[in-house]
Amino acid sequence: MKQKFPILFILFAFFACQNAVAQRGVFTMNADIGAGLPSGVSTLLSLNGNTYSISPYSVGAGFNIDLGGSYTIGNHIGAGLDLTDMIGFAQKSSINISSASLTIHKTGSLFAATPYLSLFTRAGKFDPYARFGIVIGSPSYTWSNTESGQNNVNGTNTNLYSGGFAVGWYAAGGVQIAMNHFLSLNIELFDRDLTYLPTTLTNTQAYDGYLKQPTIKLVTSESSVNNLQVLSGQVLSAYTPFGSVGIKAGISMRIEKGTKPLKAKRKRKKRE
């Protein structure tokens, strides 16, 4: 939760500035939902008997919820900020040898702010647009192992990889369909390019009858004497793909230029 405060501060400052200048242009608020598939992937390895198989994965694949706003700064250009909460889809692999089996699930989570520039055509009811921006995110992911078969350990062992921020790129293209003068339907294809390097490993759940392991610091360099030894209190981290390609849909609401408070109109009437 603490990692979300800097991003919330950025969002607060952004909207404070937008409200201050909204009288001089068109301010648009939007709410979108969507889903993304793995992009910028790494490889999951599975073993079934004597057969190995591979599959792509990115813990950035998941369900997206967006809230944000933008401000028109020209006839065909705008600037905005989106706040995104991504709930990841589990990426599964397994190792099956004889009568024993190990199932692995990797599931990501992302809270991100995306400042962007937008280009639009003002073509009428169907208005194509494009957006390009920078993703500033606070990611994390879990790695869960479950055993089955003979001599298996009961329960699930889960490790949480967290800490630090990730910075990447965002690009999208879509169409805005006007429902009336103020409300529009947005349909958008997006690509979020993001890679994450966690700084902390926490054993949040241990196998039945086992104690949780102490929290470990993840580092980018380590002495060859202690390399990958948990007893040293730190191990090498690993870059993890957090990209996704997907589709979103939602509603946007326009606040037109020159909108004035009701009180100001009443004062003018009294003067007349």
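## A tour from strand E9

Select residues 156-162 to begin. This is strand E9, and it is mostly covered, with five of its seven residues buried. Keep in mind that the model is predicted.

**Stop 1: the E8 side.** Add residues 126-149, which form strand E8. E8 and E9 run antiparallel and are joined by six bridges. For one facing pair, pick serine 144: threonine 158 in E9 stands opposite.

Now follow the chain between the two strands. The hairpin of E8 and E9 has six residues between its strands. Click on asparagine 151 there; its phi is positive, near 55°.

**Stop 2: the E13 side.** Which strand pairs with E9 over five bridges? Select residues 200-205: that is E13, and the pairing is again in the antiparallel sense. Go back to threonine 158. Glutamine 205 in E13 stands opposite this threonine. Threonine 158 thus faces serine 144 as well as glutamine 205.

**Stop 3: the nonpolar core.** Show Leu110, Tyr141, Leu194 and Phe242. These have the most contacts inside the largest nonpolar core, a set of 20 residues. Where does the core come from? At least two residues each are supplied by E7 (100-120), E8, E10 (166-178) and E14 (216-219). E10 gives the largest share, three residues.

Centre on leucine 110 next. Leaving aside neighbours within four places in sequence, what is leucine 110 in contact with? The list holds Thr84, Asp85, Met86, Gly137, Ser138, Pro139, Arg192, Leu194 and Phe242. Leu194 and Phe242 are also among the core residues with the most contacts.

**Stop 4: a surface patch.** Move to the outside. Select Met29, Met179, Phe182, Leu183, Ile251 and Met253. Together they make a nonpolar surface patch of about 520 Å². Zoom in on methionine 253, which lies in strand E17, residues 243-255. Is methionine 253 partly exposed or buried? Its relative accessibility is 38%, so methionine 253 counts as partly exposed; the buried class ends under 20% and the exposed class starts over 50%.

**Last stop: the whole chain.** Zoom out and colour by secondary structure. The protein has two helices and 17 strands. Of its 272 residues, 40% are buried. Switch on contacts: among those with a separation of 6 or more, 69% link residues 24 or more positions apart. Finish with the surface view. The accessible surface comes to about 15,500 Å², and carbon and sulfur atoms hold 62% of that area.

Note on methods: Residues numbered from 1 in each chain as written. Predicted model: local features only at pLDDT ≥ 70, side-chain atom pairs only at ≥ 80, totals over all residues. Heavy atoms only, no water. Patch = residues over 30% accessible without salt bridge, like charges linked within 9 Å, V, L, I, M, F, W, Y side chains within 5 Å. Areas by Shrake-Rupley, 256 points an atom, 1.4 Å probe, with all protein chains shown as cover. Salt bridge = Lys/Arg side-chain N within 4 Å of Asp/Glu carboxyl O. Helix = DSSP H or I, 4+ residues; strand = E, 2+ residues; numbered from the N terminus. Buried < 20%, exposed > 50% of the residue type's maximum accessible area, 1.4 Å probe, protein only. Pairing = 2+ DSSP bridges. Core = buried A, V, L, I, M, F, W, Y, C linked by side-chain atoms within 4.5 Å. Contact = heavy atoms within 4.5 Å.
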